[in-house]
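Me: Please take a close look at one part with me: the pairs of charged side chains and the elements that surround them. A connected walk-through would suit me better than a list.

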Amino acid sequence: MSRSVAKAHADPAQWSTGLGSLRLQRPDWVFFEGAVRPWEEAVLHVSTEAVVRGLNVFEGLKGYWQEDGGFGFVQLDRHYTRMVRSAGLLYIPVTFSYEEYKAACADLTKALRQPDKDLYIRSTLFVVEGHYGANTRADLVLTGYQQEKEPPAPITMGVSTWRRAPDVAMPPRIKTGANYQVARLARIEGRSRGYEDMILLNEYGRVAESTAACVLMVRDGRVITPPASEGAMESITADVLTEIGASLGIDFERRPIERTELYVADELGLTGTLTEITLVRALDDRPFADTPVLSKLAVRYRDAVTGVDPHPAVELAVVPAA
């Protein structure tokens with residue numbers, strides 16, 4: 001991507017893909033049982049805890065074609081670390097090292113990547129043997145999906161009637177599929193109201209996160225996002241943006257956000273591995289006219305992850321061309 005093209009992304013009107021950009025796909029290859037195999041071979045028995053109880057932990061990995069022609073995954077080591085942490089909280093054993101994890105991602109990437117697309121890998125650790133924590137064995141499954149090279153387009157949102165579960169019920173810091181049942185309900189609710197995503201409140205009626213990403217609110221030039229204690233995911237991308245923001249003179253603050261504060265915010269957006277920085281055009285039909293702070297952050301982040309203008313906060317795990 002050239003500098004001129006990257007800078008054109010500062011205009012949200014030119015952004016062409018939203019949260020729905022990861023459409024249903026059926027790739028030819030999947031990493032399963034320690035190797036890249038045909039898609040049809042990746043099956044789980046109906047009696048496994050992965051199926052019966054939805055027992056899994058996962059990470060979303062985003063790989064970008066680089067300015068120099070290489071291909072790199074963003075913060076791969078931190079995603080591995082978070083997966084291991086989630087697995088530990090659910091007593092799921094992890095038997096592979098980071099280097100083995102990286103090699104598996106590289107193998108699948110080589111089988112699937114296309115020169116005109118970026119790649120999103122869903123990295124899931126399914127429990128395939130065991131019962132209620134006894135004799136547990138898990139298998140790493142990687143599925144990869146093509147993505148357009150364009151940044152996400154602005155979206156409209158609402159505030160859901162569904163609530164994020166508290167830490168003592170279903171801890172939000174565990175990135176498990178079971179935690180996304182409420183996201184599914186909220187998305188269904190949102191579609192009925194014409195919204196592309198929904199914000200979930202926590203048990204106290206304050207902002208937790210959206211169904212797919214963490215919330216970024218701007219007031220008086222400062223970016224504010226809820227901490228993990230409010231029911232938000234411990235966001236890798238939000239940490240990266242905090243460092244990028246510091247280099248741009250943009251302050252970040254982690255603190256609770258009440259619902260009405262969203263309505264009086266100067267700007268609103270979402271952030272996550274897949275969503276990058278997605279600008280919010282309107283919340284519950286209340287529009288946000290301009291997004292100078294988040295647009296500036298979005299362009300700088302995009303330049304960093306694609307190698308147009310590297311940033312020390314963005315670490316890339318490069319997959320060789322061969």
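Reply: **Salt bridges and their surroundings**

Asp 116 is partly exposed, at a relative accessible area of 46%; here buried means under 20%, exposed over 50%, and partly exposed in between, using a 1.4 Å probe and protein chains only. Before we follow that residue further, please note that this is a predicted model, in which local features need pLDDT of at least 70, side-chain atom pairs count only at pLDDT 80 or more, and totals for chains, interfaces and linings use all residues. Residues are numbered from 1 along each chain as its sequence is written, and side-chain values use heavy atoms, with hydrogens and water left out.

Which residue does Asp 116 pair with in a salt bridge? The partner is Lys 117, and N and O lie 3.6 Å apart. The rule for a salt bridge is a side-chain nitrogen of Lys or Arg within 4 Å of a carboxyl oxygen of Asp or Glu, and 26 pairs pass it. Lys 117 has a relative accessible area of 17% and is therefore buried, whereas Asp 116 is partly exposed.

Moving on along the chain, Asp 118 forms a salt bridge with Arg 302, at 3.9 Å from N to O. This pair spans distant parts of the chain, with Asp 118 in strand S5 and Arg 302 in helix H8, 184 residues apart. (Helices, H or I with at least four residues, and strands, E with at least two, are DSSP runs numbered from the N terminus.) Both partners are shielded: Asp 118 is buried at 2% relative accessible area, and Arg 302 is buried at 2% as well.

Now for the sheet that holds S5. Seven strands make up an open sheet, in the order S2-S1-S6-S5-S3-S4-S16, with antiparallel pairing; two strands pair if DSSP finds at least two bridges between them. S2 and strand S16 (316–319) stand at the edges with a single partner strand each, so one side of each has no neighbour in the sheet. On average, neighbouring strands here are turned by 30° against each other, direction ignored. Strand S5 (residues 118–131) runs antiparallel to strand S3 (residues 56–65), and eight bridges join the two. In one of these, Asn 56 has Phe 126 of S5 as its bridge partner.

Helix H8 (residues 292–305), which carries Arg 302, lies across S3, S4, S5 and S16 and runs at about 85° to S3. Helix H4 (residues 98–112) lies across S1, S2, S3, S4, S5, S6 and S16, at about 35° to S6. These angles run from 0 to 180 degrees between N-to-C directions, with axes fitted as lines to C-alpha atoms, for helices over the stretch in contact.

Helix H3 (residues 76–89) contains His 79, which is buried at 2% relative accessibility. Leaving out neighbours within four places in sequence, His 79 is in contact (heavy atoms within 4.5 Å) with Glu 59, Gly 60, Leu 61, Val 74, Ile 236 and Thr 273. Thr 81 is also in helix H3, but is partly exposed at 44%. Its C-alpha is 8.3 Å from that of Tyr 98, although 17 residues separate the two in sequence.

Back to the charges, with another pair to inspect. Glu 261 and Arg 219 form a salt bridge whose closest N and O atoms are 3.1 Å apart. Glu 261 sits in helix H7 (residues 259–263) and Arg 219 in strand S10 (residues 214–219), so the pair ties together parts 42 residues apart in sequence. Glu 261 is buried at 13% relative accessibility, while Arg 219 is partly exposed at 30%. The two belong to a network of salt bridges that links Arg 219, Arg 222, Asp 251, Glu 253, Arg 255 and Glu 261.

Finally, two acidic residues deserve a look for their backbone. Asp 284 is in the loop between strand S14 (276–283) and strand S15 (286–287), and its phi is near 50°, a positive value in a residue other than glycine. Asp 285, in the loop between S14 and S15, has a positive phi too, of about 70°. Most residues other than glycine have a negative phi. In accessibility, Asp 284 is buried at 13%, whereas Asp 285 is exposed at 62%.
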